[in-house]
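Pull up the model and keep it open while you read. We'll start with a pair of helices, then move on to the sheets and the empty space inside.

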Amino acid sequence: MTQSEKLRNLLQKRVVFLDGGIGTELLMRGMPSGVSTEEWAVSNLDILSALHYDYVEAGSDIILACTFGGTEAKLGTSERVTNLNHRLADAAITAAGDKALVAASIGPTGNLMHPSATMTWKDAYRFFSAQVKAIGDTGIDIFFLETFSDPRELKAAVLAVRDSVPDAFISAQMTFGSGGLSLSGTSPTALVILANQLPVDAVGTNCGDGPEELLPIIQEMVRFSSKWIAVEPNAGLPVNGMYDMSPKRFAGWIEDFARSGAAIIGGCCGSGPAHVREYVSLLGNRPVVKSEPEELHLLTSVDRMVPLGDRMLTVGESINPTGKKSLQNSLSHGDFFAVISLAKAQGRADLIDVNLGLEKLLPDGFIHEIFSRLSIGSPLSVDISGPENMETAFCEMGGIGIFNSLIATEKFIGDRIDTLLRHGGYAVLLPIDEDGLGKTTEERLSKLEKGIAILRSHGFPEYRIIADPIVKPLGTGANTRLILETLKLFKHRGLLTIAGISNLSHGLPNRSGLNAALLALMAPIGLDMAIVDILDSKVLEMHRNAQILMGNIEPVERRLPELDSQGVSPDFMGILQKSIIVGDRRQTEATGRELLESGITAKEILENGLAPAMKKVGELYNRKKLFLPHLIASAEASEVLTKLLGPYLEKEEVSSFKGRIVLASVRGDIHDIGKNLVALFLRNAGFDVIDLGKDVHSYEIVRKASEIHADIIALSALMSTTAPEMEMVISLAKAKGVSARILVGGAVITEEYANSIGADCYAANAYDAVQSALSLMQKD
């Protein structure tokens with residue numbers, strides 16, 4: 001019997017116990033702060049093996065190999081990936097003997113996904129595949145994917161494991177902050193709904209702020225998950241580098257997790273063998289609390305959830321080159337920002353349909369660019385025909401989308417079904433087979449049933465099928481009554497439904513009126529999704545009014561914005577601000593040029609457009625309405641504007657220079673995602689930023705600040721073990737007579753800590769860093 005089979009059998013009997021933290025325990029056993037845990041562990045296998053053995057003796061059912069940071073993205077070469085993962089896995093296997101199961105721990109690569117950085121989904125999949133293969137060669141077939149913040153990267157890891165070790169037990173886990181969302185804005189519910197459709201065995205969370213904050217997250221997951229639930233909380237919060245929760249108190253929280261329905265329970269940072277011994281003793285052989293998951297159907301993206309079936313959803317149709325020469329030209333020239341701008345303009349839509357026309361004519365990499373850049377915002381409907389292009393689109397999506405569409409033939413479905421089964425997603429099914437579209441309502445239902453049977457034979461569940469009654473143009477003799485009667489049959493059959501409303505009026509005058517009328521007829525029948533022109537105010541108002549009359553939304557007055565005769569708001573400064581906030585680079589540049597050509601000075605645009613927009617971005621981020629990907633997109637749009645305004649500011653003799661800053665992640669800290677974002681924000685605000693990178697020695701930071709006469713030294717630290725290096729920089733700067741003020745921030749840094757080490761200012765995030773830097777520059 002394999003290890004994964006033993007685990008599956010054990011879960012049928014009782015709660016399964018994981019071990020505790022690895023990194024924090026190794027620090028207590030002599031590992032220096034700031035070094036690579038994996039590299040130090042492989043050079044000190046005796047200490048690592050002793051820790052594994054202590055966890056086994058404490059009662060862990062599963063011990064995790066020290067392979068969390070074992071991808072090539074962190075280790076540098078494929079040879080080191082193979083060597084380190086082999087040796088670290090073997091150490092765990094030897095320590096476990098026949099007393100415990102051994103699982104691999106796999107963490108994120110440490111890189112942001114495109115477009116926030118350069119790592120593509122395929123890059124991530126390649127990194128994880130190499131690591132999983134090395135681990136799989138040792139015989140390990142249990143994998144805990146831990147501490148992820150981006151569901152796209154997590155999905156790459158899931159599929160890398162499933163492809164390399166087909167029968168593996170996989171637990172997919174993300175880390176959530178104090179607001180209950182990941183760094184990318186993903187909710188626990190969105191993760192669970194995605195995991196329900198992915199080839200995983202368990203879903204859960206680890207790390208975070210401590211068990212008190214994770215308990216409601218686990219309770220939410222249990223409500224909707226069809227998979228086992230895994231949890232690994234930290235032992236409280238670090239105080240002066242030490243976690244503050246005793247083994248007995250920690251075990252009490254672990255019992256609460258078990259009572260709530262968690263099936264696999266362990267500890268993360270700050271927990272050790274004593275914590276494991278305490279919770280194993282308290283829980284004993286306790287069966288998993290099982291409950292039937294609540295039914296919840298959602299469409300999701302990295303940062304958004306849209307419920308299905310509660311009301312009629314709108315699907316924006318603008319990204320479709322049919323009859324649009326401008327869009328056709330943009331597609332043929334690979335201008336993906338034009339497509340992104342079209343998507344941003346449809347911000348009111350519940351979903352965005354993406355149809356790129358003749359895919360053979362698209363430049364290489366174009367589909368990757370489009371779908372990775374649209375991974376945040378409204379969920380997507382993938383209106384792509386080629387199976388390989390469909391796979392690329394679904395790889396880049398960070399949630400549950402729609403494939404539009406399938407026809408009821410074995411070959412057509414067979415060529416595309418694997419993508420939906422691997423990545424998750426709903427499928428639009430057309431009542432069309434080898435003989436074409438059904439001519440009557442009964443024929444259309446029959447062809448649809450044929451398609452449903454084919455999908456079912458491939459293991460695709462019926463609840464993920466969306467039926468399209470097919471709306472044809474009136475100009476071609478379409479029978480509207482047939483469309484409506486077909487919709488009634490599909491709804492009576494219990495299926496979700498979708499319809500392309502605008503097809504009806506193709507080639508006719510008064511399109512808005514006809515489209516709105518069809519929408520009004522289909523709404524009371526129960527149409528679930530309407531593909532419409534979301535920029536058509538008449539159709540939008542009809543959709544809203546229909547939902548009010550059907551009781552789906554409250555009849556609260558919400559007027560559409562005043563429009564001029566061309567349907568464009570005359571408030572270009574307002575458009576500029578909105579474009580920056582939503583991260584629309586193309587619209588930001590176009591509106592900036594429009595303002596300059598209308599006689600508005602660059603200084604006015606800077607003060608009345610850019611500054612208020614970035615202030616709003618910061619406010620929304622602090623209120624947890626925007627997240628890391630949005631911040632980066634907004635910063636990049638701002639960068640486009642500042643570059644445009646640069647030459648005009650010089651002509652106006654307006655200096656945008658605010659000061660000179662040396663920026664670095666302190667010695668031992670190898671994290672630079674937050675620091676890089678701070679650099680981007682500071683530069684957009686007019687600061688000259690000298691970014692020294694990550695893991696920078698205190699002497700180098702102070703030396704550089706002295707050399708360039710820096711106004712501010714900005715320091716970042718993500719780990720509690722490296723935070724003391726900030727105090728070292730402050731002391732050294734004073735000793736060397738460097739007058740630069742010190743600004744500190746990072747995940748573990750607080751204002752209280754900043755004050756205790758003598759820093760001049762603390763910033764919680766990139767926006768705050770700008771405000772703090774401006775404040776420091778105003779001091780004498």
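Helix α20 passes helix α21 in a right-handed crossing. Bear in mind that this is a predicted model. To describe two packed helices, you quote the angle between their axes and the distance between the axes. For α20 (residues 480-492) and α21 (residues 511-522), that's an angle of about 35° and axes 11 Å apart. Which residues of the two helices meet? On the α20 side you'll find Thr480, Ile483, Leu484 and Leu487, and they meet Leu518, Leu521 and Met522 in α21. Sorted by class, the contact of α20 with α21 has six nonpolar residues, one polar and no charged.

Now for the sheets. One is an open sheet of eight strands, with parallel pairing, in the order β1-β10-β7-β6-β5-β4-β3-β2. At its edges sit β1 (16-17) and β2 (62-65), each of which pairs on one side only. Helix α6 (residues 78-96) packs on this sheet, where α6 touches β2 and β3 (101-106). Further in, β5 (residues 169-174) and β6 (residues 202-207) pair in the parallel sense over four bridges. If you want a spot to click on, try Gln173, whose bridge partner in β6 is Gly204.

Another open sheet has five strands, again with parallel pairing, and its order is β24-β23-β25-β26-β27. Here the edge strands are β24 (687-691) and β27 (761-762), each pairing on one side only. Strand β26 (residues 741-745) pairs with β27 in the parallel sense over two bridges, and the bridge partner of Val744 in β27 is Tyr762.

Here is how helices lie on the strands of the two sheets:

| Helix | Strands touched | Angle |
|---|---|---|
| α6 (residues 78-96) | β2, β3 (101-106) | about 160° with β2 |
| α10 (residues 211-224) | β6, β7 (228-233) | about 170° to β7 |
| α29 (residues 724-735) | β25 (712-716), β26 | about 160° to β25 |
| α31 (residues 766-777) | β23 (659-665), β24, β25, β26, β27 | about 165° to β26 |

Last, the empty space. Rolling a probe the size of a water molecule over the atoms shows where such space is left. How many cavities of 30 Å³ or more does a search of the whole structure find? The answer is three. The largest cavity has a volume of about 50 Å³. Its lining is made up of Thr300, Ser301, Leu374, Ser375, Pro379, Leu380, Met397, Gly398 and Gly399. By class, the lining of the largest cavity divides into four nonpolar residues, five polar and no charged.

Definitions and conventions:
Residues numbered from 1 in each chain as written. Predicted model: local features only at pLDDT ≥ 70, side-chain atom pairs only at ≥ 80, totals over all residues. Heavy atoms only, no water. Pairing = 2+ DSSP bridges. Contact = heavy atoms within 4.5 Å. Axes fitted to C-alpha atoms, helices over the stretch in contact; angles between N-to-C directions. 1 Å grid on protein atoms, 1.4 Å probe; cavity = no way out; pocket = protein on both sides within 12 Å on 5 of 7 lines; lining within 4 Å. Points joined across faces, edges and corners; volume = space filled by probe spheres on them. Nonpolar A, V, L, I, M, F, W, Y, C, P; charged D, E, K, R; others polar. Left-handed = near helix turned anticlockwise from the far one by under 90°.
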